[in-house]
Amino acid sequence: MAGKRYLFTPGPTPVPPDVLAAAAAPIVHHRSPDFRPIYERVLARLRDVCRTESDVLLFGASGTGAFESAVANLVSPGEPHLAVAAGNFGERWVSMLTAYGAEVDVLRYAWGETPVAGDLRARLAEREAKAVWVVQSETSTGVVADVRELAEVAREAGALVVVDAVSSLGAVPCETDAWGLDVVVSGSQKALMCPPGLGLAAVSEAAFAATGSSPRFYFDWERTRKAQQKADAPFTPPVSLVAGLDVALDRLLEEGLEAAFERHVRLGRAARAGIKALGLELFSPDEDRSAVVTAVRAPAGIDSGDVVQGVRDRFGITIANGQGELKGKIFRLGHIGWFDVFDITTQIGSVELVLSELGAGVERGVAVTAALEAFEAAGAGHGGGAAEPSLT
Ligand code: PLP
């Protein structure tokens, strides 16, 4: 295998050297003045990134742990909830809600479809729900849902709105307060440019007021909120990851959220242009909102796992296979977080070489240029309703 390694999956994502250096600093005590200012700063800036005035609760956990905090705090056994599922992560939340004893109604789509607000309205008219659970960026398919519209419909029906923004927070607009999102959940290892291990949940007052009867301890929101309000944590936090996140949030806010969203739009454009120039078929939508991961159908007769394996063996490049029912059928190119256009051209160039070695009839010698041109093209702006308000 080549000596140099490239991590191009849609999570975990590459971590900038200054973030890694901060995370490698000597350990400080979490209840000492060495840590408290870092913790306070991180919690305040997470509110900026989530665009909320509410508390953002931080857990030593992956994104799934932060999501479980939402389920454990909001669900009481036997209560009606509605989950919107159009891929692997939507289905995970259906399983988790079921495990906690919720009566789950599932608005289910084929993997790769985009949830539609009208469908949600119709379903909520048939059966009420305490909360609607949606995925903003369905990383398994590359679809980014219009969370603003879905949330509006849920709120009209009097339901709370819980959003999985694990792969989207910091990459595409997620306006927690302006869109009336009650809970927004994310993790450190995607657009926040950190190692895996931190989960976060932005929680509205309405959600705090609606907590249920499921057993919980580590993930109890109130316990964490009370401690955080004193710049403390109820349990030992992963101080090294928090120190890394401090530097990563510096980077993100220095670039500016709007500029970061714009960069992700352009990266998505570049990836799609390169893929189309190769003559391959996109699986994820060919739209600007699909700015997180580009999913590509493997050419007929080729297993996408062979493409993933090929770029890894030949070039030390890690891209992602499809998940679940899409395994072997699609491969996924990540562009979340610390990515620039040359990360896209490296992915496209390696896929071109490996696919032609595998005997696929791809167009040679044009895709990298197409990707670069699409990235450079003037007028990059957000497409799709979800993105518009942040550009004003
Ligand atoms: N939700 C989405 C949309 C994701 O992309 C992921 C991670 O891949 C998760 C949830 C789960 O997060 P974690 O693996 O950090 O538990």
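Is Phe 331 buried or exposed, and what is its relative accessible area? Phe 331 is buried, with a relative accessible area of 0%; buried means under 20%, exposed over 50%, and partly exposed in between, using a 1.4 Å probe and protein chains only. This residue sits in strand β14 (residues 330-334), where strands (E, at least two residues) and helices (H or I, at least four) are DSSP runs numbered from the N terminus. The C-alpha atom of Phe 331 is 5.8 Å from that of Ala 295, although the two are 36 residues apart along the chain.

Before going further, a word on the model. It is predicted, so local features need pLDDT of at least 70 and side-chain atom pairs count only at pLDDT 80 or more, while totals for chains, interfaces and linings use all residues. Residues are numbered from 1 along each chain as its sequence is written, and side-chain values use heavy atoms, with hydrogens and water left out.

## Around the ligand

The ligand has 13 residues around it, and those that come nearest are Ser 62, Thr 64, Thr 139, Asp 164 and Lys 190; a residue is near if one of its heavy atoms lies within 4 Å. The table gives the distances between an oxygen atom of the ligand and a side-chain N or O atom; a polar contact is a pair of N or O atoms within 3.5 Å, and within protein, one must be able to donate a hydrogen and the other to accept it, with residues adjacent in sequence counting only if both atoms are side-chain atoms.

| Residue | Distance to a ligand oxygen |
|---|---|
| Thr 139 | 2.4 Å |
| Gln 189 | 2.7 Å |
| Lys 190 | 2.7 Å |

On its own the ligand has 390 Å² of accessible area, and the protein covers 87% of this (Shrake-Rupley method with a 1.4 Å probe; for residues, only the protein chains shown count as cover). Helices α3 (63-74) and α4 (88-99) each give two or more residues to the shell, and α4 has the largest share, with 3 residues. By class, the shell holds 3 nonpolar, 7 polar and 3 charged residues.

## Cavities inside

How many cavities of 30 Å³ or more are there? The count comes to 3. The largest has a volume of about 110 Å³. Its lining has 14 residues, and Leu 58, Phe 59, Gly 60, Tyr 218 and Ala 233 are the closest to its centre. Strand β2 (residues 55-60) supplies the largest share of that lining, 3 residues. The lining divides into 11 nonpolar, 3 polar and no charged residues.

The second largest cavity holds about 90 Å³ of space. Of its 13 lining residues, Ala 86, Pro 115, Val 135, Glu 138 and Ala 145 lie nearest the centre. Strands β3 (80-85) and β5 (131-135) each supply at least two of them.

## Some residues to look at

Strand β2 also contains Asp 55. Asp 55 counts as buried at 15% relative accessibility, and its side chain makes a polar contact with the side chain of Gln 229 at 3.4 Å.

The loops have details of their own. Pro 12, in the loop between β1 (6-7) and α1 (17-23), follows Gly 11 through a cis peptide bond with omega near -5°. Arg 51 is not a glycine, yet its phi is positive, near 55°; Arg 51 is partly exposed, at 25%. Met 193 has a positive phi too, about 60°, but Met 193 is buried at 4% relative accessibility.

Conventions: Nonpolar A, V, L, I, M, F, W, Y, C, P; charged D, E, K, R; others polar. 1 Å grid on protein atoms, 1.4 Å probe; cavity = no way out; pocket = protein on both sides within 12 Å on 5 of 7 lines; lining within 4 Å. Points joined across faces, edges and corners; volume = space filled by probe spheres on them.
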